[in-house]
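Here's a walk through this one, taken a stop at a time. Have the viewer open and follow along.

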Amino acid sequence: MNILRRYLTFFTLSTIFCAVVYINTNQNEITNPKDTRAAELKIEKHFTKKKCEQVAQKQEKHTNITILRGINHAKFVSDLPDEPTILIEGKNIPKVLGKHLIEEEFPARFTEERLNYEHKLQVNPITGTIPLEEKELELKQALAAPKANYSEEKFAGFFAYRGPSNFGGRTRSLVFDAGDITGNTILAGGVSGGVFRTTNGGTSWTMVSDLNDRHNVTAIAQDPRPGFNNIWYYATGESAGNSASESGAFYLGFGVFQSTDNGLSWTQMSFPLANIETTFDRRFDLISRVQVHPTTGDLLVAALGRIYRFDASASNWITELTAVGGFNTAHFTDVVVTPGGRVYAVFSGVTPAATEGVWTSNDATGIGAGTWSRIATNGAPGAWNQTGRGVLAIAPSNPDILYVLYESAGSTPSPGDCDIWRWNQLTTTWTSFAAKIPDEPGGSAGNDPFNTQGGYDMAVSVKPDDQNFVVIGSTNAYKITDITSDPEFLRIGGYDGPSTFAIWNNGGGVEHHPDVHTLVFDPNNTNLLYSGTDGGVHRTINVNAATVGWVNLSNNYDTYQFYHVNMHPATGNNAVIGGAQDNGTMAGGTALGFPDNTTQSRVFSGDGAACAISNADPCLPFFMSTQNGNMVRDCPTFATITPGGSTSQFVTYFHLDPVGSNTIYYAGRGTAYRTNNATTVTTGTWNNLGTLPGTDFIQSYATTGGAYSAATSQLYIGGDEGHIFRLSDPRGAPNLGSLIDITPPGATVGFPSVVKGLAVHPTNPDIVLATYSNYGIPSIFLTTNATAGTPTWTLVEGNLSGHSVRSAAIAEVAGNIIYFVGTAKGLYSNQNPGVDNWLQEGSATVGYALVTDLKYRHSDLQLLIGTHGNGMYSATVDNIALPIQMISFEGECSNAQISIHWQTASENDNDYFSVERSIHGINYEVIGIVDGAGNSTSIHDYGFKDRNPFSQNTEGYFYRIKQTDHNGVYRRSASIYISSSCKMVEANLTISPNPSSGLFLVNSNLNIL
């Protein structure tokens, strides 16, 4: 079938506004946290903080005035003194006003709504805040969890990456390796994906940051000094826009990491002021830029309202510039350094007047206190009017030239939300080019004129061989060939035009995604411009062309952010689908006509949400959804099928029952809708089943497996106030009148307490696993009598008690039940929850990525894993637990011999271990026997030495451990590979067909076959 079908493309962009909310001074009257009746809401659509404050000052009779800033669009917080109910960044919205205010009263502001959605999933329902100690506990527990990949103790087999290998996610930094004159070595930072490195110009990428590290990369820099190019840094902490935000408004970082081997491996640096980066308590939590001084090697860090310098010679942190007073996430800074050592810094226009604007230091030997002077601030030069974030760029061909792009009031002369100025250090003069900010005829708000969405997407760069050739980025990308003489910047990427939200696909190239975060020229070929956007990495064909075309470089740049994933319901079918943040709905699989199982195609636009593939019609209908409720079906004919009269949360949710593939349950906030004719349903033919008891909004559905039966089939429903409901005969029930509340007695109820994961055993409707995503509350419950009048639930969170648990699945293999949960820190499995520890699955692949969704197909034991930052994976659940709990399995070589080490935490009826070796990872030989401990609950260390192995093979070996019980039953560990250079890696091998009596194919992550 031809997957490259064309679909409607649409986006709805928001306007920038501030909201002044008048809250009843007697807050005790607000008994329901989702009740907005006690609040009078007035929205003023303006661009500036000043105007918002003016509105507030006019209402002095109200003693409780709250300014809700636009988290990603307006970028400010209130500075009004002594206001008792100021809500900074919406942190207290669930406690004071509740979700209805955000989701119903405000206009559609998608960047902010993504954050509110994520905040709701995490916030402690009792305190109204995210318990920071819980996030610290979550990280510690993730690091301490037993790693299932050390042995076949894991319950999921080899984790196959499912893509999209040809698309990328949000990218805020791109840096060319100065040591590679070909320009082929580049490092890129995926905000939710980590640091990636290419050595072939983007033909392929390799993730080089540790899977155990924070993935929220915002800035990368290389030491430019000759002989020091092997030193790199990357910084973390995005204060604008991350949809996997660890708070309601920003994504906390974990400081700065350093590499001394040219970006291949990384070590976390110390923090200034001994900061612990699990709480928003330091300016260092959120970093927008890092640069390395070209003469000293000192590291400059642009943090919130402060410029830090790490003194490379003394190994200590120094504060260079600081905004006076407190700080908040609106206090953006930026920093750049000229080849001669002059440093420029810009402070946000919302920082105190004593600090805002542009500063410079001319001390080329180490900067140092007292060498800074301010060269621009509001009113000096006269037309300078900075109201928010600013970004900087030096002209490589003339380091005396500095460009500054900053958020302005959107007034004359700039037609957009920014002004652009040029500083000449030689003449110490400023020139304004604000009037050349793009404003195309017939523009649509948010698209045209120039719009950075409150500084969320904002970039400026200068062509290396021409100081007058400038490119700027916002929602779109623009260029001006000669800023001194050309009338206006011209669009070269993003949206296709000023009055449409179709994606740019011109100039003989491919689509170029909007939301531009970085623009970088190839220093070795100045006609090539690279971009980092919400859609990954792209390169121009020729930036000088009248109509600029782009090349997609997101090849195995695994940074996609999925909300929901799904698979074809038929046995053996490898078709998959996923809804992604700001990247629509993706589909892939060779069953859909793709050349491999990692290539995908965008089949629908918008913010992708719930999705499914039906098997009830020969055309294989795709069911897809976008933000705030819209739902479509692509065949037999394309149709919008959103239930008439329904309303939805931001990340639209529905569930296609894979049994029969023709029944869908749609979540209309608190109202459930059903159709038993999915392939023909229209907006007006859904069954409105009614509203849940109480005030829960539906967050999850789960249906029983096997053939449908009115007597035994069940629908389980999870809400956002902690309740779980059961509906019998869900396809036949006329309404929710027979709904039964089966909420675990130990669960926390009240908004928000989100039942994010619900899973039913594939053949037993009594076995149900439920997970709660909020921190600070019990998170994983299991019942084995779910159909009883009052089910008995057991809390089984165990060693995951500190985790935000987002998804669940239950599998059965050869009579063994295996439970899976996806968390904000990876994927875990357990065969005996409540007794045994949860094991981390896929530590070498999935790692600590946020696992948003799990789908399981029992007919062929397929598990699909959706992550928010590293794409999707699949695995076959085909292993049974070893009677040992293995902690580690590793090897090392020295003095021409290889030593194998492994460690167990417990053993049950363990007779002995066989050490097995293979050259190609196919045929293994036993090279040693090591006795086991029999039965033990203590830690045991084991070892074996392979003496003089390289006399037979000079390349390296695969090793694995075979464990045998006293009754002769045996199982094998995963393999490791030890090269002759003494490097150890986990060896991922697949052999197909398996078993085979003839030819077979071996796929490996190692280039050794």
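Let's start at asparagine 774, which has a relative accessibility of 0% and therefore counts as buried, since anything under 20% does. Bear in mind that what you're looking at is a predicted model. Asparagine 774 sits in the loop between strand S52 (768-772) and strand S53 (780-783). So what does a buried polar side chain find to talk to, by way of polar contacts? One partner is the backbone oxygen of valine 123, which lies 2.7 Å from a polar atom of the asparagine 774 side chain. That side chain also reaches the backbone oxygen of proline 752, at 3.3 Å. If you set aside sequence neighbours within four places, the contacts of asparagine 774 are Lys120, Leu121, Gln122, Val123 and Pro125, along with Pro752, Ser753 and Val754.

Now jump back along the chain to strand S6 (residues 186-190), where 5 of its 5 residues are buried. Follow the side directions: Ile186, Ala188 and Gly190 point one way, Leu187 and Gly189 the other, and all of them are buried. On one pairing, strand S5 (residues 171-176) runs antiparallel to S6, with 5 bridges joining them. Within that pairing, leucine 174 stands opposite alanine 188. S6 also pairs with strand S7 (residues 194-198), again antiparallel and again through 5 bridges. Here isoleucine 186 faces threonine 198 of S7. The link from S6 to S7 is a hairpin of 3 residues.

Next up is the disulfide. How many does a search of the whole structure find? The count is 1. Cysteine 619 and cysteine 635 form it, with their sulfur atoms 2.1 Å apart. The torsion about the S-S bond is about 90°, so this disulfide is right-handed. Cysteine 619 lies in the loop between strand S39 (611-613) and strand S40 (622-625), while cysteine 635 lies in the loop between strand S41 (631-633) and strand S42 (639-640), so the pair ties together parts that are 16 residues apart in sequence. Cysteine 635 counts as buried, at 5% relative accessibility. Two other cysteines to click on are cysteine 418, buried with a relative accessible area of 0%, and cysteine 611, which counts as buried at 4%.

Stay with cysteine 635 for a moment, as its backbone has something to show too. A cis peptide bond joins cysteine 635 to proline 636, with omega about 10°. Proline 636 is in the loop between S41 and S42. Another cis bond runs from aspartate 448 to proline 449, with omega near 0°. Proline 449 is found in the loop between strand S24 (429-432) and strand S25 (459-462). Why flag these at all? Most peptide bonds are trans, and most residues other than glycine have a negative phi.

That second habit of backbones gives us a couple more stops. Asparagine 262 isn't a glycine, yet has a positive phi of about 65°. You'll find asparagine 262 in the loop between strand S11 (256-259) and strand S12 (267-268). Aspartate 729 is also a non-glycine residue with a positive phi, in this case near 45°. Aspartate 729 belongs to the loop between S49 and strand S50 (740-741). Is aspartate 729 buried or partly exposed? Its relative accessibility is 23%, so it counts as partly exposed.

Finally, turn to the nonpolar interior. The largest nonpolar core has 29 residues, and those touching the most other members are Met631, Phe654, Ile664, Trp686, Tyr701 and Ile717. The elements giving two or more residues to this core are strands S43 (654-657), S44 (663-668), S45 (671-675), S47 (698-703), S48 (714-719) and S49 (724-728). Which of them gives the most? S44 does, with 4 residues. A separate core of 20 residues lies apart from this one, and among its members are Val391, Ile401, Leu405 and Phe433.

Tyrosine 701 is a good place to stop and look around. Leaving out residues up to four places away in sequence, tyrosine 701 touches a list that includes Tyr653, His655, Tyr665, Tyr666, Tyr673 and Tyr716. Also among the residues it touches are Ala667, Ala672, Leu715, Ile717 and Leu758.

Technical notes
Residues numbered from 1 in each chain as written. Predicted model: local features only at pLDDT ≥ 70, side-chain atom pairs only at ≥ 80, totals over all residues. Heavy atoms only, no water. Disulfide = S-S within 2.5 Å. Buried < 20%, exposed > 50% of the residue type's maximum accessible area, 1.4 Å probe, protein only. Core = buried A, V, L, I, M, F, W, Y, C linked by side-chain atoms within 4.5 Å. Contact = heavy atoms within 4.5 Å. Polar contact = N/O pair within 3.5 Å; in protein donor to acceptor, adjacent residues only side chain to side chain. Pairing = 2+ DSSP bridges.
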